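Q: I should like to learn how to read several features of a structure. Please show the structure, and let us then take the features in turn.

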Amino acid sequence: MAASGCRGVRSILWKYGSCGKSLCVSRSKTALQLPVRQICVSSSLWKKNLAAAGPEKFTQEFINKQVEEFEVGKRHLANMMGEDPETFTQEDIDRSIAYLFPSGLFDKRARPIMKHPEQIFPKQTAVQWDAEGRPFHFLFYTGKQSYYSLLHDLYEKILAIERHQAEMRNKGLYTTDTKQIVLTGSRWLLKEEMEEHLVENISDQDYMRLIQLMERLLSMPYCSLEEEFVLKFRRHLEVQSRKQEIPVIQYDPQGVAFSVADGRRKSAKASITLRDSGSGNVTINGKNYLHYFPVLQDREQLLFPLHFVGTLGRFDIEGSVEGSGHSAQAGALRLAISRALLSFVSEVEVEKMRQAGLLTADPRIKERKKPGQEGARRKFTWKKR
Amino acid sequence: MNLHKLASRLRPTVTQKFRHFHIQGSGQQLEAVVGETSSAEPSLLSVFRTSEQDPACHSERHTGQYYTIPPAHIQKLFPHGLPPRFQLQVKTFNEGCVMVRPPALELISYLKRVDYSKPPLRYILYGDTGSGKTLSLCHALHYCYTQGWLILHIPDAHLWVKNCKELLPSSSRPSRFDQPIQASQWLKNFKITNERFLSKVQLDRYVWTKRESTEEGRPLGELVDQGVNRMKSSSDVVGAVLRELRLQAGGATDGEGAFKLAVAVDGVNALWGKTTLKKEDKTMCEPEELTLIHNLRKMMKNDWSGGAILTALSQTGSLFKPRSAYLPNELLGEEGFDNMEPFVPVSVPNYSEKEFESCYLYYLDRNWLQHPHSRSEEGKKELIFLSNKNPSILERLCAFL
């Protein structure tokens, strides 16, 4: 207060300060006789305690403004890229941003993104009570109002179905073989997804309770009445094997079918040509595999995919491999053989191979050495003194 | 029914516990035989065994089949000659069965047809590690033994160029070195193998020390005993024995004095390679400076007649040679190749389909393959893949199945 008062006085005097020095003398007389006490304040007091405020709260106007800016920006971007602003999709936006702002960062989440504000700003609940402080929702004082209201609705639906069942029984049309909801190929929402849906935190037990109630709903014969409500809480699962890239079968001048595939493991790269010639010869880097891999374990790795599919003596393998050690080279070759085999094998077999782990690239690599330690995990010898 | 009884009669060594499996097993094999060839001899009870025990009568018909060496022959002929793993197998299975394979048959056929008044032919068996060179050599030696030859078998020449504890300067020549332990060991084994030739007459007079000498006309046995008892001069005795045999081999063409000499050296590339032995002043020893090696090299020259020189290369015990080397010129080196030329190379490959089949059946028959999966077709294919039909790898693989 005093400081601002002084500042205010000083600013007025500055205007008159050009009049002369005489006024300076009179400054002390004309100045307000306020007790001027110097309060020494450090800048740390002016800083806000950020942790106590909690997560950032965005007002609805703020979000709306962001949405407008996003739309305008999208149109600008479309113009920049020379495309039609009306039919500019999110994929196009991503592509353009990646083109205009190329980034070498490894983490995809650290690269520049331009998405709709709804996807960027976390969903927040609006104010739950009116001007007088009365909550809108009747379950507000449970603390998790959306969760309990969901349970409440679910139970309502269960009761409705039971009433429907009773009606059918009265009419004499009660049957158990009604249309059932198709649940294969989909899974329940995960706990994180459920939290996102309800915009509030729920515990593990709450989640289990919800799923149990859903299952109870599904166990009743006439549950197809609430099909679309239930399907809102299911996610569709893709069939993983459709994602596999199967190498193309090519044909030799002699008419022998062969396929080429690559594999990698831990910095060893392998490339394989699998020929359908009817003998079981294996040549690696020009040498017989018995000489290249004297260790039995490596040869067993080569054996595994062929043995799994059951075509041991049928294929000829010609491979080249480089890098890393013998075990990693064997692993790389194994992956390459499995990939090459995909083209000779039916879809059911492909799925079986995927489940056996033959088609998954081993993601393990050498862990980085950290400073202050001798290796990745090993610490220096601890000396007491 | 009869066939079952025949099977049980001819396999008295099988214990009661396994008999049931055995008879069933042989029943299956019988069906296989009946299905396969109708021209098989009635005495052939199984596909992989032959009853022809005499190596002289082995022919292409018996390729891939196992024949048994009588235990007496094993004790006499191979006191030190068989590879160690094979010795273990003989002990486990209670019988010494060797497979008849084309390289051995080739060698035996050459031995049958050669004219023994000419200088001896040198045969070199070469091939991949573990493909059966030593056993083929042993098979050929068994043939020589049954024909009554004098066997001079050095089981592994590599043992003479490495790991020698005592290296004495030679008593007779100043720049040479003796290996008394190895020499006396070898002389003992030589005595066991060739007992009936020990009463041969010898020609020259040898002086060992100021007080000891062997006079003219003494039997060979005394010379050998001299070497066994007096360790100091054993290497020189070895040299003397070799020289005597060389001179006498082609000497008398008929009568009691006639004998044919079979010189069999396994790991012949050791003679011209390097040694790991050091002299007292810490410099490396050359193979030339070792008495035993020097005498053996003289043996390898074909300036005598009335015998044959059978050799086999070996990478496993060799010194300073890469693991992938298996051809004669790689393993022998320039010097060795020049010395051994001209020679008859005999290649020893891995098992063929038929041979693999027969080895597999043999192990099954001996109940060596305990794992139930190994009896199936799938298991057999796995074995083929994992061993690539290499005999030693297959043997090691089956050892823990």
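Q: How many salt bridges are found over all chains?

A: Side chains of opposite charge can pair when their charged atoms come close. Here a search of the whole structure finds 30 salt bridges (a side-chain nitrogen of Lys or Arg within 4 Å of a carboxyl oxygen of Asp or Glu). One of them joins the side chains of R275(A) and D252(A), at 3.5 Å from N to O. R275(A) lies in strand β5 (residues 268-275) of chain A and D252(A) in the loop between β3 (250-251) and β4 (257-265) of chain A, so the pair ties together parts that are 23 residues apart in sequence. Helices (H or I, at least four residues) and strands (E, at least two) are DSSP runs, numbered from the N terminus.

Q: What should be known about the model and its numbering?

A: This is a predicted model, in which local features need pLDDT of at least 70 and side-chain atom pairs count only at pLDDT 80 or more, while totals for chains, interfaces and linings use all residues. Residues are numbered from 1 along each chain as its sequence is written, chains are lettered from A and ligands numbered from 1 in the order in which they are written, and side-chain values use heavy atoms, with hydrogens and water left out.

Q: What area do chain A and chain B bury between them?

A: The size of an interface is often given as the accessible area lost when the parts come together. Chain A and chain B bury about 1300 Å² (accessible area with a 1.4 Å probe, summed over both), 63% of it on carbon and sulfur atoms. Y289(A), L290(A) and L312(A) supply 33% of the area that chain A buries against chain B, more than any other three residues. The contact (heavy atoms within 4.5 Å) takes 16 residues from chain A and 15 residues from chain B. Between the two chains the count of salt bridges is zero.

Q: Which element gives the largest share of the side of chain A that touches chain B?

A: Seven residues, the largest share, come from α13(A).

Methods. Buried area is the accessible area (1.4 Å probe) that two parts lose on being put together, summed over both.
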